[in-house]
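Trainee: I would like a close look at one part of this structure, starting from a single residue and its contacts. Please take me through the surroundings step by step, then move on to the helix packing.

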Amino acid sequence: MSNPYNYNSPLPLKLAATDLSPRQRDLLLHNDSFCIYPWIHIHAYPTGAAYPCCHAEMPCSIGSTRTNTLQHIWNDAPMRELRSRMLQGEKSSACTRCYEQEASGFFSGRQSANKHHGHHIHKVDATQADGTVEKMELTYWDIRFSNLCNLKCRSCGHIFSSQWYQDQARLAGPEWKLANSVLNYAGRSEQDMWTQLQPHLDYVEQIYFAGGEPLLMEEHYRILEELVARKRFDVRLIYNSNFTHTDLKGRSVFDYWRQFESVSVGASLDASGTAAEYIRKGTVWADVVANRREMIAQCPGVDFYISPTLSILNAWSLPVFHREWVEAGLIQAQDLNINILQDPPFYRIDIATREYKAELERRYRDHVDWLKTAGDPLGRATQGWESAITFMNAADNTHLIDSFWRRTHELDHIRNERCLDVLPELGALR
């Protein structure tokens, strides 16, 4: 028996609470350190650094897919220790981003994992005393095959975007440029990750495509074509895409999406117009709007929502953009999932001064009032704005304002741009 969808509920979707043993119920609903991901998933960066998930703190790698297989990492010491800590109710440094999000009221990645994948809780019962899980079945995939991307977003970097290479070289110097290449691949070779994942195609349930830019990656289309060939239309597809391109070499992603039972597209759009083009350099805003209109015409049943990264750059303008797209008929009011930026720290919204925060809070509360009339049955958008207020006011990081302006001026110089010409409201932080 499954539960009706409730965005804020921690109950696993594909199990009833009565189906859980007392221990399983405690782990999923009451243990605030437990996450199902280490029993169903391994995440890999384009650099080959492996993590328990994409939310994990960067220093907390559990291995390298450049030097070891996924099978080796699965029961290597870091993964075993992480599982053991979770089962004992001990928090781990790798998971601090989720802990911080939960403290502010956001529905964290950890909570989402337990909600959408909690039906695999029986796998926990087979965990050995040292944290070993003998059977590796990756039912959830999030492998960043490469850093191939057509944009160089302000809050990103070369790890996740090949377009950042030249700018990063100018920031870091010639030695960095000699030690790094434009394109990075997660595996021991360009095809390695695909080869290792193929045996898991029979039981994969959900795939999260992100990047780089997944809609420009051959690996993305290869996976979709293999799923179609196997008639695995039940696999849930989830995307984080900059939505600037929807086809590759004559293949339209819309033709694939129409065939699958569940597709959700989170467009990483932070603002509209010139602000969008400044924050996510390389964006052509007219193309994004055209792609969204074509998607509505081609596959109206596919779930689409804006998935912005809320930073100091768009903290002022994001409510305007949200409302603008609702009133244009491009999304419904509920179709917003805020990702709060936590790193790099000088882009966080809590670097704002007390006065700037007060104005942001006023704007956010006015926007929440608008949502009450516009309609937000999921509660996702409303919770995002309210949690952003809590997050913003939880710490005073005004000491990072100088770092923010230092990086902004460096990139403005490299890119021949001027921040205050596009985002004049940030003048209040000078």
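Mentor: Start with Val-228. Leaving aside residues up to four places away in sequence, Val-228 touches Phe-233, Tyr-256, Gln-259 and Phe-260. Keep in mind that this is a predicted model. Val-228 itself belongs to helix α9. Its relative accessibility is 22%, so Val-228 counts as partly exposed; the buried class ends at 20%. Now take one of its contacts, Tyr-256. Val-228 and Tyr-256 are 28 residues apart along the chain, and their C-alpha atoms are separated by 8.2 Å.

Aromatic pairs come next. The whole structure holds 20 of them. One is formed by Tyr-221 and Tyr-256: the ring centres are 5.8 Å apart and the planes stand at 65 degrees, so this pair is edge-to-face. The cut-off for that label is over 60 degrees. Tyr-221 sits in helix α9 (residues 218-229) and Tyr-256 in helix α10 (residues 253-257), so the pair ties together parts 35 residues apart in sequence. Both Tyr-221 and Tyr-256 are buried.

Two other contacts of Val-228, Phe-233 and Phe-260, also pair with each other. Their ring centres lie 5.6 Å apart with the planes at 70 degrees, so Phe-233 and Phe-260 are edge-to-face. This pair, too, links distant parts of the chain. Phe-233 is in the loop between α9 and β7 (236-241), while Phe-260 is in the loop between α10 and β10 (263-267). The two are 27 residues apart. Their exposure is worth checking. Phe-233 has a relative accessible area of 21%, so it is partly exposed. Phe-260, at 8% relative accessibility, counts as buried.

Other rings deserve a look. Phe-243, Trp-285, Phe-304, Phe-321 and Trp-325 are linked by ring pairs into a cluster. Charges also sit over rings. Arg-83 lies over the face of Trp-74, 4.7 Å from the ring centre. Lys-91 places its charged end over the ring of Tyr-99, at 4.7 Å from the centre.

Arg-83 leads to helix α3 (residues 77-87), whose buried residues are Met-79, Leu-82, Arg-83, Ser-84 and Met-86. These buried residues pack against α2 (70-74). Just after α3, Gly-89 takes a positive phi of about 75 degrees.

Now the helix packing. Phe-321 and Trp-325 of the cluster fall within the residue range of helix α13 (residues 318-327). Helix α13 packs with α14 at an angle of about 20 degrees, the axes being 10 Å apart. That angle makes α13 roughly parallel to α14, and their crossing is left-handed. On the α13 side the contact has Pro-319, Val-320, His-322, Arg-323 and Val-326. They meet Arg-363, Tyr-364, His-367, Trp-370 and Leu-371 in α14.

Helix α14 (residues 354-374) also packs with helix α15 (residues 380-394), at an angle of about 165 degrees and with axes 10 Å apart. The two helices are therefore roughly antiparallel. Here α14 passes α15 in a left-handed crossing. From α14, the contact includes Lys-357, Leu-360, Glu-361 and Val-368. From α15, it includes Trp-385, Ile-389 and Met-392. Tyr-364, His-367 and Leu-371 of α14 take part in this contact, and they also meet α13.

Conventions. Residues are numbered from 1 along each chain as its sequence is written. This is a predicted model: local features need pLDDT of at least 70, side-chain atom pairs count only at pLDDT 80 or more; totals for chains, interfaces and linings use all residues. Side-chain values use heavy atoms; hydrogens and water are left out. Rings of Phe, Tyr and Trp (its six-membered ring) pair if their centres lie within 6.5 Å; planes under 30 degrees apart count as stacked, over 60 as edge-to-face and the rest as tilted. Helices (H or I, at least four residues) and strands (E, at least two) are DSSP runs, numbered from the N terminus. Buried means under 20% relative accessible area, exposed over 50%, partly exposed in between (1.4 Å probe, protein chains only). A charge sits over a ring if NZ of Lys or CZ of Arg is within 6 Å of the ring centre and within 35 degrees of the ring normal. Axes are lines fitted to C-alpha atoms, for helices over the stretch in contact, and angles run from 0 to 180 degrees between N-to-C directions. Angles under 35 degrees count as roughly parallel, over 145 as roughly antiparallel, 65 to 115 as roughly perpendicular and the rest as oblique. A crossing is left-handed if the near helix is turned anticlockwise from the far one by less than a right angle, and right-handed if clockwise. Contact means heavy atoms within 4.5 Å.
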